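This report describes a two-chain protein model, taking the sheet of one chain, the fold of the other and the contact between them in turn.

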Amino acid sequence: MTTLINALFEAVRLVITLDPAVVEIALRSLQVSLGALLISALIGVPAGAWLALIRLPGKRLATALIYTGMGLPPVVVGLIVYLLLSRSGPLGGLGWLFTIPAMVLAQVIIALPLITGVTMSAVLAVDPALRPQLRALGATPAQATRALLVEARSGVIVGLVAGFGSIISEVGAVMLVGGNIAGRTRVMTTAIVLETRQGRFELALALGMVLLALAFASNLLVVLLQGRQPNLP
Amino acid sequence: MSGPLYSLTAVEMSYGARTVLRIPDLAIRRGEVFALVGPSGCGKSTLLRLLALLETPTAGRVQLTLNGAPVTARSASLEDRRAIAMVFQTPVLLSRSVYSNVAYGLRLRGEQDSAARIEAALRQVSLLPLAGAHARTLSGGEAQRAALARALVLEPSVLLLDEPTANLDPANGRLIEDAIRAHHDRRGATVLIATHNLFQARRLADRVLLLLDGQPVEVGPTEQFFNAPQDPRTATFLSGDLIY
């Protein structure tokens with residue numbers, strides 16, 4: 001019990017004093033996960049809207065695949081990316097293994113189905129009568145899609161936050177493809193595993209606090225954005 | 001420009017195995033107010049969507065001739081489409097202010113400095129005091145008026161209205177009719193209105209078409225349609241004895 005209390009106090013001190021090790025690892029985590037989120041959003045949001053709006057044979061199969069992808073185990077993603085990027089793999093020539101780009105790639109694969117699937121659901125939830133009305137007002141397909149995404153913004157934001165939450169907190173994929181190299185690929189989750197194994201609970205707890213604070217901040221953002229709705233009669 | 005605005009030839013519209021509209025031949029003149037009447041489910045809304053070039057008929061041809069060559073839903077340019085505005089029976093507004101909803105179509109066209117036009121359109125449907133209100137806070141009648149303002153502000157050459165006064169009280173209904181008439185008189189616009197309200201058709205239209213079971217029964221000048229119908233089914237419908 002004393003160990004836990006002492007570790008907690010020390011962890012709080014590390015966070016408050018902006019300990020260089022904590023800051024460095026936290027910033028790298030943000031660099032990897034925000035980079036992956038940006039790429040996933042740029043692909044996943046338009047793809048989700050497109051899937052919601054098109055009528056094509058095979059759409060149900062694509063939807064089922066995306067929903068399956070929403071539950072991909074990160075460690076399996078890590079394994080596949082590892083095999084792709086390893087020296088003998090098809091993408092081995094890139095030399096990305098144990099680098100930040102490899103970690104971003106793995107996290108994009110985790111977040112992309114989630115953002116695509118949630119965006120698709122959010123756009124499908126918009127009143128279907130709106131689309132012909134937008135076209136009847138002279139909207140091009142791209143303008144109508146943009147308006148529908150704005151209407152579905154709450155759901156899209158939830159998808160982005162869920163995507164961010166899933167990758168900032170995952171450990172399996174970044175551990176496998178990043179290698180947890182100090183000063184290069186060590187992020188909060190992999191550092192927590194390492195520090196815990198080595199009995200340095202204070203740094204592990206400090207990083208855990210930062211992770212929790214990030215999760216809280218992103219969820220607070222969702223609540224605040226959802227709160228910006230009119231008072232209905 | 002001579003010739004009809006719309007020309008329909010052997011038009012059929014089917015959803016699955018069900019054919020909901022079958023019009024062998026119909027011409028709609030430019031600048032006229034044309035009313036579509038008939039019982040619920042007779043194909044009025046389907047016909048309006050075809051005329052708005054939002055859908056392509058299963059068979060036959062719906063041609064629109066604005067200023068140049070005739071176009072269809074497949075060949076119409078964005079400019080052609082933007083000459084048409086349609087107000088749907090159940091208006092769906094964007095989740096933003098009433099003002100922003102009315103401004104939406106103008107913004108699509110890249111038109112800036114349109115505040116005066118937006119305010120005029122809102123004033124025309126008596127919604128100026130609610131310009132800043134969120135669209136979700138409007139009553140059904142207010143939403144219907146906002147949807148009409150959203151179309152009128154575009155000053156379309158062709159205005160298509162699907163039951164524009166359904167669920168409105170007589171005062172609001174009259175307000176909307178006045179706005180439609182004013183738009184027609186000012187712009188020389190062609191107005192097509194689908195309505196259950198025979199009195200409204202009589203007040204507004206130059207010509208009236210009766211649809212039954214997706215097929216035209218009679219089309220003619222308003223006075224003749226109401227006072228001397230040529231088809232016994234029209235007379236039955238007008239007398240209110242037609243049971244569906």
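## Strand pairing in chain B

Two strands count as paired if DSSP finds at least two bridges between them. The model discussed here is predicted. In chain B, strand E3 (residues 33-37) and strand E7 (residues 190-194) run parallel and are joined by four bridges. Phe34(B) has Leu192(B), in E7(B), as its bridge partner.

## The sheet and its helices

The sheet of chain B is open and has six strands, in the order E5-E6-E7-E3-E8-E9, with mixed pairing. Strand E5 (84-87) and strand E9 (215-221) of chain B are the edge strands, each pairing on one side only. Between neighbouring strands of this sheet the turn is 15 degrees on average, direction ignored.

Helix H5 (residues 140-152) of chain B lies across E5 and strand E6 (158-162) of that chain, and runs at about 180 degrees to E5(B). Helix H6 (residues 170-187) of chain B also packs on the sheet, where it touches E3, E6 and E7 of chain B. The direction of H6(B) makes about 155 degrees with that of E7(B).

## Fold of chain A

Chain A has eleven helices and zero strands. From the N terminus on, its elements therefore read α-α-α-α-α-α-α-α-α-α-α, each one a helix under the DSSP run rule. The C-alpha trace of chain A spans about 65 × 55 × 25 Å along its principal axes.

## Contact between the chains

How many residues does each chain bring to the contact? Chain A brings 22 residues and chain B brings 26 residues. About 1,900 Å² is buried between chain A and chain B, and carbon and sulfur atoms give 58% of this area. Of the area that chain A buries against chain B, 33% is supplied by Gln133(A), Ala136(A) and Leu137(A), more than by any other three residues.

There are zero salt bridges between chain A and chain B. Polar contacts are found across the interface of chain A and chain B, in eight residue pairs with both residues at pLDDT 80 or more.

On the side of chain A that touches chain B, helix H6 (130-136) and helix H7 (141-151) of chain A each supply at least two residues. H6(A) gives the most to this side, with six residues. By residue class, the side of chain A that touches chain B divides into twelve nonpolar, six polar and four charged residues.

Methods:
Residues are numbered from 1 along each chain as its sequence is written. Chains are lettered from A and ligands numbered from 1 in the order in which they are written. This is a predicted model: local features need pLDDT of at least 70, side-chain atom pairs count only at pLDDT 80 or more; totals for chains, interfaces and linings use all residues. Side-chain values use heavy atoms; hydrogens and water are left out. Contact means heavy atoms within 4.5 Å. Buried area is the accessible area (1.4 Å probe) that two parts lose on being put together, summed over both. A salt bridge is a side-chain nitrogen of Lys or Arg within 4 Å of a carboxyl oxygen of Asp or Glu. A polar contact is a pair of N or O atoms within 3.5 Å; within protein, one must be able to donate a hydrogen and the other to accept it, and residues adjacent in sequence count only if both atoms are side-chain atoms. Ala, Val, Leu, Ile, Met, Phe, Trp, Tyr, Cys and Pro count as nonpolar, Asp, Glu, Lys and Arg as charged, and the others, Gly among them, as polar. Axes are lines fitted to C-alpha atoms, for helices over the stretch in contact, and angles run from 0 to 180 degrees between N-to-C directions.
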